[in-house]
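This report describes how chains meet in a molecular model. Please keep the sequence and the structure in view while reading.

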4 protein chains.
Amino acid sequence: MSLGTEGTRPEDYRYWADERVRFYDLDLMGHVNNVAYTIYAESGRAAFLRHIGFWTETGRRQNVIARLEIDYRQELKYPNELRVGLNVQRIGGSSFTLGIGIFAGAVCVATARATLVRFDAETRKAIALNDEDRSILASYLAS
Amino acid sequence: MSLGTEGTRPEDYRYWADERVRFYDLDLMGHVNNVAYTIYAESGRAAFLRHIGFWTETGRRQNVIARLEIDYRQELKYPNELRVGLNVQRIGGSSFTLGIGIFAGAVCVATARATLVRFDAETRKAIALNDEDRSILASYLAS
Amino acid sequence: MSLGTEGTRPEDYRYWADERVRFYDLDLMGHVNNVAYTIYAESGRAAFLRHIGFWTETGRRQNVIARLEIDYRQELKYPNELRVGLNVQRIGGSSFTLGIGIFAGAVCVATARATLVRFDAETRKAIALNDEDRSILASYLAS
Amino acid sequence: MSLGTEGTRPEDYRYWADERVRFYDLDLMGHVNNVAYTIYAESGRAAFLRHIGFWTETGRRQNVIARLEIDYRQELKYPNELRVGLNVQRIGGSSFTLGIGIFAGAVCVATARATLVRFDAETRKAIALNDEDRSILASYLAS
């Protein structure tokens with residue numbers, strides 16, 4: 001149960017997206033619900049995939065999530081401004097793994113890892129990462 | 001990237017909760033959003049914790065989630081009735097791990113694992129599982 | 001501020017959809033959040049529009065919401081099974097108004113009214129209700 | 001069905017809160033779901049109530065929503081930064097009505113009205129607005 005510190009430092013990340021705790025994200029214990037953290041991770045992922053050109057609204061090459069792991073590190077209160085850090089942890093054949101860190105100020109409140117699969121929106125099947133995909137992802141690899 | 005089949009059979013689970021895909025759970029690709037799967041997992045967890053007496057609305061002994069892992073196995077469409085299966089995979093000092101399977105009919109659409117920590121709602125600190133807690137959890141251990 | 005009783009009786013409705021309170025729907029006051037009621041209303045609306053053939057996943061004729069009014073009548077607790085009642089209150093040129101009642105057992109916890117506009121998914125413009133549309137809607141008119 | 005222009009000008013509002021469209025807010029038609037607009041309205045309301053001292057996390061005097069009306073005026077896309085404007089439209093005995101405008105840049109995408117009731121969190125009953133409440137609300141009255 002002892003969590004490591006992997007991914008808890010802002011310098012671990014290569015791209016940043018802004019998020020903000022909504023009142024709606026609170027649960028009956030008065031803190032941000034566990035599900036909302038996965039929404040923050042999605043917000044970071046979506047901004048990153050759009051930024052690198054992996055996602056366009058009408059594009060045929062899309063991405064679907066295959067696996068998500070999230071470590072909850074700190075309670076989170078309302079109101080709060082968040083920053084979501086992203087890096088690339090693994091580049092596979094048709095899949096890749098992103099590292100995600102959610103920060104409130106300098107405090108890392110959660111770390112996550114998401115494995116995504118390149119996906120053809122018409123055939124609804126996985127497709128291989130092409131050379132351009134690989135080169136883009138490589139430039140965000142965690143050091 | 002090849003997912004194992006662990007947790008994909010209904011007989012792996014010891015407790016069941018009902019869920020239902022909402023129209024609201026769909027995203028712009030026309031299938032259930034990845035976040036909604038974590039809501040289904042939460043629904044299963046909440047029903048289970050209430051069923052075994054680990055959660056009451058005003059109780060001082062509560063549970064907080066420390067880690068969630070989820071493997072997305074199948075696209076999910078609207079409308080759909082779901083069943084969420086639960087078992088206990090590990091009993092620690094102050095924490096325990098639940099196995100979760102989300103099924104649409106006989107098809108396992110996702111498996112998840114959630115590590116929860118027993119938590120004092122007043123001190124907001126982790127507390128040890130007591131003998132009664134352990135005995136209850138043990139009766140739901142995955143075989 | 002005194003709410004009338006309009007729409008609070010089950011016999012006011014002509015179509016029913018099932019809903020269920022999720023743990024996720026609770027807020028920090030321990031009751032169902034106001035937003036969740038609008039999700040229940042959407043669930044009822046979506047089931048009704050699908051039932052009468054006004055919504056198909058790939059259909060060009062869709063519906064968009066122009067106005068929603070909701071009267072919150074009772075606190076709602078977890079867990080709970082809900083039924084959402086629907087009727088047609090008005091049939092216009094390109095728009096129509098649905099009446100919605102949300103019930104927990106025999107208790108009406110909220111009433112709502114939603115005005116929807118027939119919409120062409122390609123041109124993204126409003127379109128007139130055709131004769132078939134009108135005839136279908138007329139058969140669900142509130143008495 | 002012709003919507004007036006009431007509440008569509010930024011100068012109609014007396015307090016502003018920031019919001020941001022999340023990827024999660026999109027639905028299968030590729031635009032922001034109708035429910036998300038009600039979440040933006042809640043975000044604005046929560047920020048305003050906190051700002052004027054009507055809401056504190058542990059306060060006994062709380063507010064519950066009795067009625068919400070929302071007019072959807074424009075489709076909304078991702079990504080987008082929003083501003084939510086608030087004013088006071090009516091001060092009653094134990095209730096008050098807020099005007100809400102949701103803007104993307106200079107464009108008003110929705111207007112809403114929410115009637116809230118002052119509420120005692122212990123007795124769970126409505127309570128009268130006191131003189132201080134009235135004086136605070138009066139300073140945000142729509143002109």
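The contact between chains D and A takes 10 residues from chain D and 10 residues from chain A, where two residues are in contact if their C-beta atoms, placed from the backbone, lie within 7 Å. The model is predicted: local features need pLDDT of at least 70 and side-chain atom pairs count only at pLDDT 80 or more, while totals for chains, interfaces and linings use all residues. Residues are numbered from 1 along each chain as its sequence is written, and chains are lettered from A and ligands numbered from 1 in the order in which they are written.

The table sets out the two sides that touch chain A. Helices (H or I, at least four residues) and strands (E, at least two) are DSSP runs, numbered from the N terminus. Ala, Val, Leu, Ile, Met, Phe, Trp, Tyr, Cys and Pro count as nonpolar, Asp, Glu, Lys and Arg as charged, and the others, Gly among them, as polar.

| Side touching chain A | Largest share | Classes |
|---|---|---|
| Chain D | helix H1 (residues 34-51) of chain D, 4 residues | 4 nonpolar, 2 polar and 4 charged residues |
| Chain B | E2(B), 9 residues | 10 nonpolar, 5 polar and 4 charged residues |

A rotation of 180° with 0.0 Å of shift along its axis places chain D on chain A with an RMSD of 0.0 Å, by least squares on the C-alpha atoms of residues with pLDDT of at least 70 in both. The two copies are thus related as by a two-fold rotation axis. Among the residues of chain D, D:Arg20 comes closest to the rotation axis, at 4.0 Å (C-alpha).

Between chains B and A, strand E2 (residues 61-72) of chain A pairs with E2(B) in the antiparallel sense over 5 bridges; pairing requires that DSSP find at least two bridges. A:Arg67 stands opposite B:Asp71 in E2(B).
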